[in-house]
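Please look at the sequence and the fold together, and keep both in view while reading. The paragraphs below go from the whole chain to single residues.

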Amino acid sequence: MGLFERYLTLWVALCIVVGTGLGHFMPGAFAALGGMEVANVNLPVAALIWLMIIPMLLKVDFGAMREVGRHWRGIGVTLFVNWAVKPFSMALLGWFFLRHVFADWLPADQIDSYMAGLILLAAAPCTAMVFVWSNLCRGDANFTLSQVALNDAIMVVAFAPLVALLLGLSSITVPWDTLALSVGLYILVPVAVAVFLRRWLLAHGGEARLERVLARLGPVSLVALLATLVLLFGFQGRQIVEQPLIIAILAVPILIQVYFNSGLAYLLNRRLGVAHCVAGPSALIGASNFFELAVATAVALFGVHSGAALATVVGVLIEVPVMLSVVKIVNNTRPWYEREVRAQ
């Protein structure tokens with residue numbers, strides 16, 4: 001592990017401070033960058049995510065994808081946590097913290113809207129960033145890609161009725177253009193690029209050349225991750241400074257939800273004897289959120305200045321630092337995890 005990777009937590013903290021400061025003191029510049037959107041998908045962030053995930057996808061042996069079925073237990077655990085646990089646990093945590101513990105510190109007319117934002121955030125599993133988390137915990141790249149693709153297919157049919165059920169609505173307006181564009185930008189196009197590049201590199205230098213290219217691209221992925229963090233905090237720099245208490249309160253159920261669901265997925269995989277290279281990404285996919293879809297849906301349903309939109313934005317802000325902490329936990333507990341699996 002190089003110097004850059006060893007002190008990644010420090011760089012993340014610095015990027016949060018720098019992004020918040022720049023967003024507060026240079027709101028015009030970040031407003032311009034934030035306005036570069038198509039169907040609520042921010043194009044600068046999308047470009048950075050490409051730089052993050054294409055190197056990860058280059059590691060996927062697409063010819064071995066048919067063998068992913070042997071990881072059916074890991075897939076089952078992830079699906080259970082994503083669709084049967086996470087949305088409902090978030091609804092429970094939101095009810096407990098927003099309506100009871102912190103109710104006196106929140107504007108009463110916005111509590112329902114905050115609740116809606118939290119539920120929207122939890123109802124859609126992450127599409128793109130999980131490739132980064134999986135790579136950082138040495139996860140099975142084939143498993144990660146197949147799990148993300150399966151979640152995307154389920155999301156098309158399950159997101160709307162699940163959110164409608166939890167919000168008590170007869171129906172919701174799903175921003176299908178955001179969903180379709182996100183899947184295209186973060187899955188279809190990067191996979192196509194990775195397939196082409198991998199085949200070209202293997203045909204013009206073999207495995208040795210592929211490994212050299214991957215080694216060079218490693219720092220690019222991490223720099224793109226940190227630049228994404230600066231942008232995300234920069235977009236909301238003014239709100240962070242002006243509404244720190246509300247943002248901190250909304251972060252509490254989100255944080256608990258992430259650690260609870262990632263821990264549940266991790267422990268279930270360990271109990272079932274699943275390999276650590278599958279359990280790691282399973283836990284991370286089980287806990288992460290598709291924040292682009294959540295933000296777009298909140299804006300479409302409740303408006304850009306609503307409490308729901310703010311709650312989904314808080315999910316965006318803490319996504320990178322909290323998921324990096326989960327990665328660290330997964331990596332540090334690997335010996336403990338594998339002792340149990342070997343004993344079975």
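What follows is a walk through a predicted model, from overall form to individual contacts.

The secondary structure of the protein chain consists of 16 helices and 2 strands. With a radius of gyration of 20 Å, close to the 20 Å that the globule rule gives for 344 residues, the chain is as compact as a globular protein of that length. Taken along the principal axes, the box that its C-alpha atoms fill is roughly 60 × 45 × 35 Å. Of the 344 residues, 53% count as buried, and among the contacts that join residues at least 6 apart in sequence, 86% are between residues at least 24 apart.

The surface and the charges can be described in the same overall way. The accessible surface of the protein chain is about 14,700 Å², and carbon and sulfur atoms account for 68% of that area. The chain carries 20 positive and 17 negative charges, and the mean positions of these two groups lie 12 Å apart.

Turning to the interior, the largest nonpolar core holds 109 residues, of which Leu 98, Trp 133 and Leu 225 touch the most other members. Helix α15, which covers residues 307–332, gives the most to this core, with 15 residues. As a general background, nonpolar side chains in soluble globular proteins tend to be buried together. Once neighbours within four places in sequence are set aside, the contacts of Leu 98 include Leu 93, Ala 103, Leu 106, Ile 111, Tyr 114, Met 115 and Leu 118, and also Ile 249 and Leu 250 from further along the sequence.

Which residues does Leu 229 contact, leaving aside its neighbours within four places in sequence? Leu 229 lies in helix α10, residues 206–235, and its partners are Val 12, Cys 15, Ile 16, Val 320 and Pro 321. Because its relative accessibility is 0%, and buried means under 20%, Leu 229 counts as buried. By contrast with these contacts, the C-alpha atoms of Leu 229 and Arg 271, which are 42 residues apart along the chain, are separated by 35 Å.

Pro 321, one of those partners of Leu 229, is found in helix α15. Not counting residues up to four places away in sequence, Pro 321 touches Val 12, Ile 16 and Leu 229, so that Val 12 and Ile 16 are contacts of both Pro 321 and Leu 229. Pro 321 is nevertheless partly exposed, with a relative accessible area of 25%. Its C-alpha atom is 25 Å from that of Leu 181, at a sequence separation of 140 residues.

Val 258 belongs to helix α12, residues 244–271, and is buried, with a relative accessible area of 2%. Apart from neighbours within four places in sequence, Val 258 is in contact with Ala 287, Val 322, Met 323 and Val 326. The C-alpha atoms of Val 258 and Met 323 are separated by 8.1 Å, although the two residues are 65 apart along the chain.

A last residue, Arg 138, takes the reader from the helices to a loop, the one between α7 (130–136) and α8 (141–167). Is Arg 138 buried or exposed? Its relative accessible area is 53%, and since exposed means over 50%, Arg 138 counts as exposed. The phi angle of Arg 138 is near 55°, which is a positive value in a residue other than glycine.

Note on methods: Residues are numbered from 1 along each chain as its sequence is written. This is a predicted model: local features need pLDDT of at least 70, side-chain atom pairs count only at pLDDT 80 or more; totals for chains, interfaces and linings use all residues. Side-chain values use heavy atoms; hydrogens and water are left out. A nonpolar core is a set of buried Ala, Val, Leu, Ile, Met, Phe, Trp, Tyr and Cys residues joined through side-chain atoms within 4.5 Å. Buried means under 20% relative accessible area, exposed over 50%, partly exposed in between (1.4 Å probe, protein chains only). Helices (H or I, at least four residues) and strands (E, at least two) are DSSP runs, numbered from the N terminus. Contact means heavy atoms within 4.5 Å. The radius of gyration is taken over C-alpha atoms; the globule rule is 2.2 Å times the number of residues to the power 0.38. Accessible areas come from the Shrake-Rupley method with a 1.4 Å probe; for residues, only the protein chains shown count as cover. Lys and Arg count as positive and Asp and Glu as negative; His and the chain ends are not counted. The place of a charge is taken as NZ of Lys, CZ of Arg, CG of Asp or CD of Glu.
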